[in-house]
Number of protein chains: 2
Amino acid sequence: MKLSEGVEAAIHCAATLASLEDGATMPGAALAAQFGLSPSYLLKHLQALTAAGILESVPGPAGGYRLARPAERISLLDIVLAVEGPLPAFRCNEIRRNGPVRLPDSAYVKPCGINAAMLRAEKAWRAALAAEKLSAIVADFLSDADPRSVAAACAFVERHQRPQKPGSPKQ
Amino acid sequence: MKLSEGVEAAIHCAATLASLEDGATMPGAALAAQFGLSPSYLLKHLQALTAAGILESVPGPAGGYRLARPAERISLLDIVLAVEGPLPAFRCNEIRRNGPVRLPDSAYVKPCGINAAMLRAEKAWRAALAAEKLSAIVADFLSDADPRSVAAACAFVERHQRPQKPGSPKQ
DNA sequence: GGATGGTTACTCGGATAGGAGGTGTCCGAGTTCTAAGGG
DNA sequence: CCCTTAGAACTCGGACACCTCCTATCCGAGTAACCATCC
């Protein structure tokens, strides 16, 4: 089992966008440069986040991406589900029915115990991810990370963010 | 993210082997027939379980597989790790270092907060999997599942298990 | 000087090739059971 | 009747193609800023 590498990129980008001034945007190309990624490919994941309602996109010059809601209300689970899809990692194929003796469907109304156990474990995983808020990630970074790294990140944000246009308030 | 389909097969096979009489074995071909799987392919996963020390294999006629230790001491985590590998699902590629400004390595001695958060969530998942013992899975099946399904499973075990050979005690 | 229209450049969005890992299959090595032959 | 021995059949184990999904890339649609022109 392996999570898509896009998850890492998506979380880093979301954390960077959370550091922007209120209403400001940042182009996808800038985010790609910040993390050494292919701009075209990063766009794919940013689109997924936009489709999931986590980000907003502003087209045209001075456009870019920004968070669609406060970082306190964005969890890592939201991002992971947006990139990886909503389906659970364990998908029961009901192989218990594929034996040589075919029982009627009425013998399988009770859910598969193995599937239930796997889903319980995945529920714990999702609960832990839901508890990890993007705001906490950013706060921890600002307080705990190396000062040089924090300074470089802040300088990058200051350099590439596009201030909110006065005439178009953030919805 | 998607778990390998072999995980489902491996758990079902392990649960079936847990229902065998003490020391008895069952060939991989019988397990494959029980779940409608390709024998050659199922062997691949059973070999992984054997390499992980969860199963034991007995070669030759009247051979097959059996649990290497009591079902109470086998968790779903053991099986998942044996099939999927021990690496965590989220693998940090340290893209935080790939920016245009290259800071010295000393600026990154603190672990990445995003990686830490993802690993915390995965730790919760693994803890939940470790709590799901194979013995409990089998017990729940015998008590809760449809009687017809239980009867069919027991009949299958009775039909295909190979009793322990008197002269070669289980190690 | 101010308003207006066209041009330009920048942004995101979706459709299109390439590659790694899981899926499925095959054949070979090893071991035990069986049965025939000899004592 | 018992032991020995050769054969055969069944088992697991590892090596080889195929296929799906993730990775990576390109080009097109749309929009806002900019600038030249006109009033």
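## A contact to DNA strand D

A phosphate oxygen of DNA strand D sits 3.0 Å from an N or O atom in the side chain of B:Y65. That is a polar contact (a pair of N or O atoms within 3.5 Å; within protein, one must be able to donate a hydrogen and the other to accept it, and residues adjacent in sequence count only if both atoms are side-chain atoms). The model is predicted: local features need pLDDT of at least 70, side-chain atom pairs count only at pLDDT 80 or more, and totals for chains, interfaces and linings use all residues. Residues are numbered from 1 along each chain as its sequence is written, chains are lettered from A and ligands numbered from 1 in the order in which they are written, and side-chain values use heavy atoms, with hydrogens and water left out.

## The surface near DNA strand D

Two serines also reach phosphate oxygens of this strand. A polar side-chain atom of A:S4 lies 2.5 Å from one. For a polar side-chain atom of B:S57, the distance to a phosphate oxygen of DNA strand D is 2.8 Å. Two elements each give two or more residues to this surface: α3 (39-51) of chain A and β2 (64-67) of chain B. Such elements are DSSP runs, numbered from the N terminus (helices: H or I, at least four residues; strands: E, at least two). α3(A) supplies the largest share, 3 residues.

In total, 19 residues surround DNA strand D. A residue is near a strand if one of its heavy atoms lies within 4 Å of it. The closest are A:S4, A:E5, A:S38, A:Y41 and B:S57. Of the strand atoms that come within 4 Å of the protein, 63% are sugar and phosphate. The surface divides into 6 nonpolar, 9 polar and 4 charged residues. Here Ala, Val, Leu, Ile, Met, Phe, Trp, Tyr, Cys and Pro count as nonpolar, Asp, Glu, Lys and Arg as charged, and the others, Gly among them, as polar.

## The surface near DNA strand C

DNA strand C is surrounded by 19 residues. A:G28, A:S57, A:Y65, B:S4 and B:S38 are the closest. Sugar or phosphate holds 61% of the atoms of DNA strand C within 4 Å of the protein; the rest belong to bases. The residues split into 6 nonpolar, 9 polar and 4 charged. α3(B) gives the largest share, 3 residues.

Both protein chains make polar contacts here. A polar side-chain atom of A:R162 is 3.2 Å from a phosphate oxygen of DNA strand C. A polar backbone atom of B:E5 is 2.9 Å from a phosphate oxygen of the strand. A:G60 uses a backbone N or O atom, 3.1 Å from a sugar or linking oxygen. The elements giving two or more residues are β2 (64-67) of chain A and α3 (39-51) of chain B.

## The interface of chain A and chain B

Each chain puts 54 residues into the contact (heavy atoms within 4.5 Å). Together the chains bury about 4,700 Å², 66% of it on carbon and sulfur atoms. Buried area is the accessible area (1.4 Å probe) that two parts lose on being put together, summed over both. In chain A, the residues losing the most area to chain B are A:M1, A:E8 and A:I95, together 17% of what that side buries.

The rule finds 2 salt bridges across the interface (a side-chain nitrogen of Lys or Arg within 4 Å of a carboxyl oxygen of Asp or Glu). One of them pairs A:E132 with B:R120, with 2.9 Å between the closest N and O atoms. There are also 20 residue pairs in polar contact, both residues at pLDDT 80 or more. On chain A, at least two residues each come from α1 (5-18), α2 (28-35), α4 (76-84), α5 (113-131), α6 (134-144) and α7 (147-160). α5(A) has the largest share, 11 residues. That side of chain A counts 31 nonpolar, 9 polar and 14 charged residues.

## Symmetry

A rotation of 180° with 0.0 Å of shift along its axis places chain A on chain B, at RMSD 0.0 Å. The two copies are thus related as by a two-fold rotation axis. Superposition is by least squares on the C-alpha atoms of residues with pLDDT of at least 70 in both. The same surface serves both copies: 100% of the contact residues of chain A recur in chain B. Within chain A, A:W125 comes closest to the rotation axis, at 2.3 Å (C-alpha).
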